[in-house]
Amino acid sequence: MNRVLVTGGAGTIGAAVVRRLLRDPDYEVRVSDQREAPQWMREGCEVHTGDLRLLDEARTATQGCSHVIHLAAIVGGIANFHKLPHTLTEVNNALYNAIFRAALDEDVERFQAAWKASRCEVCFAHDIYLTRLGTRDRACRWPPGCLRCGRTGVRPRPPARFPPP
């Protein structure tokens, strides 16, 4: 049985990841967030509440986990970043540094993190997932087509399941 830590699990993206993991009997789920977890999450997961910027809290959260999905961050879009660039950078770097150090110390098998909003797509011709991290045009549209072959008709699609180690 694999135990997966989802940091930021009470957030929008984190909750979606937790819901998906709870449907898979191969994983036990631990959620770590500063916010209170909803009732359904407290019933189905082990919940850790703490400030993951602190290395001791990050170590407590990762203890016994084979996988870490790091989604905890201060967010709020580009407007929030322009208002508080130093604060957001400082806090998010501290979160990343502590949880990454704790994961290394715990010798987790797999570490996945999301640093910025991106779009995951699949090219049906190549059956490969593409993550668009490139520049959008002025209308905030991603360039069309597969990054490998240029074929249009690429559709947004989340990964089918949590990738195996």
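Student: Let's start with the aromatics. Which helix holds both Tyr96 and Phe100?

Tutor: Keep in mind that this is a predicted model. Tyr96 and Phe100 sit four residues apart, or about one turn of the helix. The element they share is helix 5.

Student: How many aromatic pairs does the structure hold, and what is the angle between the planes of Tyr96 and Phe100?

Tutor: There are two aromatic pairs in the structure. Tyr96 and Phe100 form one that is stacked, with 5.4 Å centre to centre. Stacked requires planes under 30 degrees apart, and for Tyr96 and Phe100 the angle is 20°.

Student: What class does Phe100 fall into by relative accessibility?

Tutor: The cut-offs are under 20% for buried and over 50% for exposed. Phe100 comes out at 30%, so it counts as partly exposed.
Those cut-offs also place Tyr96, at 23%, as partly exposed.

Student: Why is the pair of Phe100 and Phe111 called edge-to-face, and which strand does Phe111 lie in?

Tutor: The ring centres of Phe100 and Phe111 are 5.2 Å apart and the planes stand at 85°, so the pair is edge-to-face. Phe100 belongs to helix 5 and its partner to a strand, so the pair ties together parts 11 residues apart in sequence. Phe111 itself lies in strand 5.

Student: Which residues do the ring pairs link into a cluster?

Tutor: Phe100 pairs with Tyr96 and also with Phe111. Phe111 has 23% relative accessibility, so it counts as partly exposed. The cluster linked by these ring pairs is Tyr96, Phe100 and Phe111.

Student: Over to the nonpolar interior. Which element gives the largest share of the largest nonpolar core?

Tutor: That core has 14 residues, and Leu5, Leu52, Ala58, Val68, Leu95 and Ile99 touch the most other members. Two or more residues come from helix 3 (55–62) and from helix 5 (85–106). The largest share, six residues, comes from helix 5.

Student: And how many residues are in the other core that lies apart from it?

Tutor: Among its members are Val4, Tyr27, Met41 and Cys45. In soluble globular proteins, nonpolar side chains tend to be buried together. The count for this other core is 12 residues.

Student: Which Phe is in contact with Ile99, leaving aside neighbours within four places in sequence?

Tutor: The contacts of Ile99 include Leu5, Leu52, Ala58 and Val68, which are also among the core residues that touch the most other members. Thr7, Thr62 and His70 are in contact with Ile99 too. The Phe on that list is Phe111.

Student: Now the sheet. Which strands stand at its edges?

Tutor: Five strands form an open sheet with parallel pairing, in the order 3-2-1-4-5. Each edge strand has a single partner, so one side of it is left without a neighbour in the sheet. Those edge strands are strand 3 (46–49) and strand 5.

Student: At about what angle does helix 5 run to strand 4?

Tutor: Helix 5 lies across strand 1 (2–7), strand 4 (67–70) and strand 5. Relative to strand 4, the helix runs at about 175°.

Student: Last one: is Asp33 in strand 2 buried or exposed?

Tutor: Asp33 is in contact with Gly8, Gly9, Ala10 and Gly11, and also with His48, Thr49 and Gly50, leaving aside neighbours within four places in sequence. A polar atom of its side chain lies 3.0 Å from the backbone nitrogen of Ala10. With 9% relative accessibility, Asp33 counts as buried.

How values were computed. Residues numbered from 1 in each chain as written. Predicted model: local features only at pLDDT ≥ 70, side-chain atom pairs only at ≥ 80, totals over all residues. Heavy atoms only, no water. Core = buried A, V, L, I, M, F, W, Y, C linked by side-chain atoms within 4.5 Å. Buried < 20%, exposed > 50% of the residue type's maximum accessible area, 1.4 Å probe, protein only. Contact = heavy atoms within 4.5 Å. Phe/Tyr/Trp six-rings, centres within 6.5 Å; stacked < 30°, edge-to-face > 60°. Polar contact = N/O pair within 3.5 Å; in protein donor to acceptor, adjacent residues only side chain to side chain. Pairing = 2+ DSSP bridges. Axes fitted to C-alpha atoms, helices over the stretch in contact; angles between N-to-C directions.
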